[in-house]
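Colleague: I am new to this structure and should be grateful for a guided introduction. May I put some questions to you?

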Amino acid sequence: MRHIGLYLHIPFCDGKCYYCSFFSKRPCSTEIDEYVTYLKRSIASWGKQIDRPVDTVYFGGGTPSLLGHTRLIEIMNTVKASFSVEEQAEITLEVNPSSTEKLDFSALRKAGFNRLSVGLQSADDHELRLLGRRHSVTDIGVTVKSAQQAGFDNISLDVMLAIPEQTISSLHHTLDFCAECGVQHISAYILKIEPGTRFYQKKDILPFFDDDAQAGIYEETVRYLSELGYHQYEISNFSIEGYESRHNLKYWHDEEYLGIGPSAHSFLDNKRFYYDNSFDAFYRNEITDEGPGGDAEEYIMLALRLTEGLIFDQFRERFHTDISANMMRAAKELEKQGLVRISSESLALSVKGFLVSNAIIAYLLENT
């Protein structure tokens, strides 16, 4: 029986960072308790409908750590009671250092949580203030050390690239900080200016990076992290060998998962569906159907986010056909420009290609 991943959305934050467009709100304690009640009820309901083993669980947000360890453990216990969770399942909790006073890492580890994703963004306090973050670099160090002392040996740090006023020197400092913390995984995302955010309101005022400057920061991140021992396995993700995010790899391998909570998306039984960005709709269990998923084009699009790329044998095994000759001709033209790498086993984007991945993938799909 095929395993699925389980994503649980915790839509609360103690404030909006200037770049954030995710669905979340600042709650009062009664709202948190109400949400946890409905979330556990929904988990139990889905567990009765789906007889599939779970091998990854991801608590995302928002700021899941804002719930505190007691509520998080209650939710995890509901998951275990409702689903067949594999003994070696990867169970990830997103943590914001500004809310770690609510967490007992030892209790979380004992309850089965075994991976943390911590929002660093920068190891420069000035850059953190520019981003609207509410923690300091010192807070990050304390958070990571406390988690490690509690037995967490699979920790990821999020890093933001192309922050206003960021330099190559400050970038190196941030990446060195990650390595010195002894974390196993780093996610490095280029800052995107999204409508509805504080940064969007100031897009004509602040010194945001242009495309060429962003490209330089990204390429240097890939190079420097490789020197530090972190191999790139996806456009924005790097790890020590063996510590790739198993949950996120489900998305990129076009495998199935269930998302529960406002704005959470799912892919089950070759169908895609989601909850709207609404607490009330979630409490009424209203689900929007996105239609079928998992076709060849979707598979290609997701596979090309990975450094391993599109592996021909795996594509043939899943779809009982080969990549079209027309698409391979298009890929060879891109190879001449240094945007893709082609071997007898696979087609993959280069680092340069990752910078324009959307355009490349769209071009290749037009030629399938």
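The questions below concern strands, cores and backbone angles.

Modeller: Please note at the outset that this is a predicted model.

Colleague: How many bridges join strand β1 to β2?

Modeller: Strand β1 covers residues 4–10 and runs parallel to β2. One of the pairs places Ile10 opposite Gly61 of β2. Together with α1, these strands make a right-handed β-α-β unit. The number of bridges joining β1 to β2 is 7.

Colleague: In β3, which residue is the bridge partner of Tyr58?

Modeller: Strand β3, residues 85–95, pairs with β2 in the parallel sense over 5 bridges. Between β2 and β3 the unit includes α2, and this β-α-β unit is right-handed as well. The bridge partner of Tyr58 in β3 is Thr92.

Colleague: How many residues of β2 are buried?

Modeller: A residue counts as buried when its relative accessible area is under 20%. By that criterion β2 is mostly covered. The count of buried residues in β2 is 8 of 8.

Colleague: Which helix gives the largest share of the largest nonpolar core?

Modeller: The largest nonpolar core has 98 residues, and Leu8, Phe59, Phe113 and Leu258 have the most contacts inside it. The largest share, 6 residues, comes from residues 29–49, that is, from helix α1.

Colleague: How many residues make up the other core, which lies apart from it?

Modeller: Among the members of this other core are Tyr19, Cys20, Leu131 and Leu191. Its number of residues is 8.

Colleague: Which residue does Gly62 join through a cis peptide bond?

Modeller: Most peptide bonds are trans. Gly62 lies in the loop between β2 (54–61) and α2 (68–82). The bond concerned has an omega of about 20 degrees, and the residue joined to Gly62 is Gly61.

Colleague: Is Gln121 buried or exposed?

Modeller: Gln121 is found in strand β4, residues 115–121. Phi of Gln121 is near 75 degrees, a positive value in a residue other than glycine. The relative accessible area of Gln121 is 7%, and the cut-off for a buried residue is under 20%. Gln121 is therefore buried.

Colleague: What is the relative accessible area of Asn285?

Modeller: Asn285, although not a glycine, has a positive phi of about 60 degrees. Asn285 is placed in the loop between α10 (279–283) and β12 (288–292). Asn285 is partly exposed, and its relative accessible area is 43%.

Key. Residues are numbered from 1 along each chain as its sequence is written. This is a predicted model: local features need pLDDT of at least 70, side-chain atom pairs count only at pLDDT 80 or more; totals for chains, interfaces and linings use all residues. Side-chain values use heavy atoms; hydrogens and water are left out. A nonpolar core is a set of buried Ala, Val, Leu, Ile, Met, Phe, Trp, Tyr and Cys residues joined through side-chain atoms within 4.5 Å. Buried means under 20% relative accessible area, exposed over 50%, partly exposed in between (1.4 Å probe, protein chains only). Helices (H or I, at least four residues) and strands (E, at least two) are DSSP runs, numbered from the N terminus. Two strands pair if DSSP finds at least two bridges between them. A crossover is right-handed if, with the strands pointing away from the viewer, the path from the first strand over the helix to the second runs clockwise.
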